[in-house]
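Me: I would like to learn how to read a protein model feature by feature, going from the overall fold down to single side chains. Could you take me through the one shown here?

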Amino acid sequence: MLAMKAVSPLDELAAAVVRRLVEKRLTIATAESCTGGLIAEVITRVPGASKVFGFGWVTYANAAKERLLGVPADLISCRNAVSEPVVRAMAEGALARSQADVAVAVSGLAGPGGGSPGIPVGTVWLAWASRFSPTRAHLVMRPLPRREFREMTAEYALRGVLEMTLGE
């Protein structure tokens, strides 16, 4: 007998996001730094994701945020890549370049190194942009082992998409 593979909570959440977007006839784009494409990956694991997902950027380097998403270099140099204005610009850049209805962006420090007193390891900014509501951002500070941090960030990102699309 074949063993059934357990579905992770993150996969269940991604399936709920895809169902919601299909139901609302909305599309999504992702702009990821610290998650390295995990958000796009869990969305595209869901059968039928091609109806809602067309664009995803992994902009791990600051130069990628600038060139691919249009984040101003001076914004990154003045505020840091892990900041509210930068993650907002990432989400809005993904929204504009993809022509999706919704975009989610994340930028953070997964660690174990690279933190500073002002931006410690475990810091992540998330932003959600859409064609029907103002861009919003959220800060999470939760130092976890790298894998758990990335999964937690993807979960926050997907939950934010569900919240954003609730009334649409």
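The dialogue below moves from the whole chain to its strands, its salt bridges and one loop residue.

Me: Before anything else, what kind of model is this, and how many helices and strands does the protein chain have?

Reply: The model is a predicted one, and the protein chain holds 6 helices and 5 strands. Read from the N terminus, the elements follow the order α-β-α-β-α-α-α-β-β-β-α.

Me: How does the radius of gyration of the protein chain agree with that of a compact globule?

Reply: The general idea is to set the value against a rule based on the number of residues. A compact globule of 168 residues would be expected near 15 Å, and the protein chain has 15 Å, so the two agree. Along the principal axes, the C-alpha trace spans about 50 × 40 × 25 Å.

Me: What do burial, surface and contacts add for the protein chain as a whole?

Reply: Of the 168 residues, 49% count as buried, while the exposed area comes to about 8500 Å², with carbon and sulfur atoms supplying 55% of it. If one takes the contacts between residues at least 6 apart in sequence, 65% of them join residues at least 24 apart.

Me: Turning to the strands, in which sense do E1 and E2 pair?

Reply: Strand E1, residues 28–32, and strand E2, residues 53–58, pair in the parallel sense, and 5 bridges connect them. As one example of the register, Glu 32 stands opposite Val 58 in E2. Between the two strands the chain passes through helix H2, residues 38–44, and this β-α-β crossover is right-handed.

Me: Which strands pair with E4, and in which sense?

Reply: Strand E3, residues 102–108, is joined to E4 by 7 bridges in an antiparallel arrangement, and Ala 105 stands opposite Ala 127 in E4. Strand E5, residues 136–141, also pairs with E4 in the antiparallel sense, here over 6 bridges, with Trp 128 opposite Arg 136 in E5. E4 and E5 form a hairpin, and 5 residues lie between them.

Me: How should I read the two faces of E4, and are they covered or open?

Reply: In a regular strand the side chains alternate between the two faces of the sheet, so each face can be examined separately. In E4, Thr 123, Trp 125, Ala 127 and Ala 129 lie on one side, Val 124, Leu 126, Trp 128 and Ser 130 lie on the other, and all of them are buried, which leaves both faces covered. Because 8 of the 8 residues of E4 (residues 123–130) are buried, the strand is largely enclosed by the rest of the structure.

Me: How many salt bridges does a search of the whole structure find, and how should I read one?

Reply: Side chains of opposite charge can pair when their charged atoms come close. The search finds 6 salt bridges, and one of them joins the side chains of Asp 11 and Arg 45 at 2.4 Å, N to O. This pair links distant parts of the chain, since Asp 11 belongs to helix H1 (residues 9–24) and Arg 45 to the loop between H2 and E2, 34 residues apart. Asp 11 has a relative accessible area of 19%, and therefore counts as buried under the 20% cut-off, whereas Arg 45, at 40%, counts as partly exposed.

Me: Which residues are linked with Asp 11 in a network of salt bridges?

Reply: Glu 41 and Arg 45 are linked with Asp 11 in that network. The side chains of Arg 45 and Glu 41 meet at 2.7 Å, N to O, and Glu 41, at 35% relative accessibility, is partly exposed.

Me: What separates Glu 155 and Arg 159 along helix H6?

Reply: Glu 155 and Arg 159 are 4 residues apart in helix H6, residues 146–165, and so are separated by about one helical turn. Their side chains meet in a salt bridge of 3.0 Å, N to O; Glu 155 is partly exposed at 32% relative accessible area, and Arg 159 is partly exposed at 43%.

Me: Finally, where is Thr 59 found, and is Thr 59 buried or exposed?

Reply: Thr 59 is found in the loop between E2 and helix H3 (62–69), and its relative accessibility of 0% makes it count as buried. Leaving aside residues up to four places away in sequence, Thr 59 touches Glu 32, Ser 33, Ala 64, Lys 65, Leu 68, Leu 69 and Met 90.

Definitions and conventions: Residues numbered from 1 in each chain as written. Predicted model: local features only at pLDDT ≥ 70, side-chain atom pairs only at ≥ 80, totals over all residues. Heavy atoms only, no water. Pairing = 2+ DSSP bridges. Right-handed = clockwise from strand over helix to strand, strands pointing away. Rg over C-alpha atoms; globule rule 2.2 N^0.38 Å. Buried < 20%, exposed > 50% of the residue type's maximum accessible area, 1.4 Å probe, protein only. Contact = heavy atoms within 4.5 Å. Areas by Shrake-Rupley, 256 points an atom, 1.4 Å probe, with all protein chains shown as cover. Salt bridge = Lys/Arg side-chain N within 4 Å of Asp/Glu carboxyl O.
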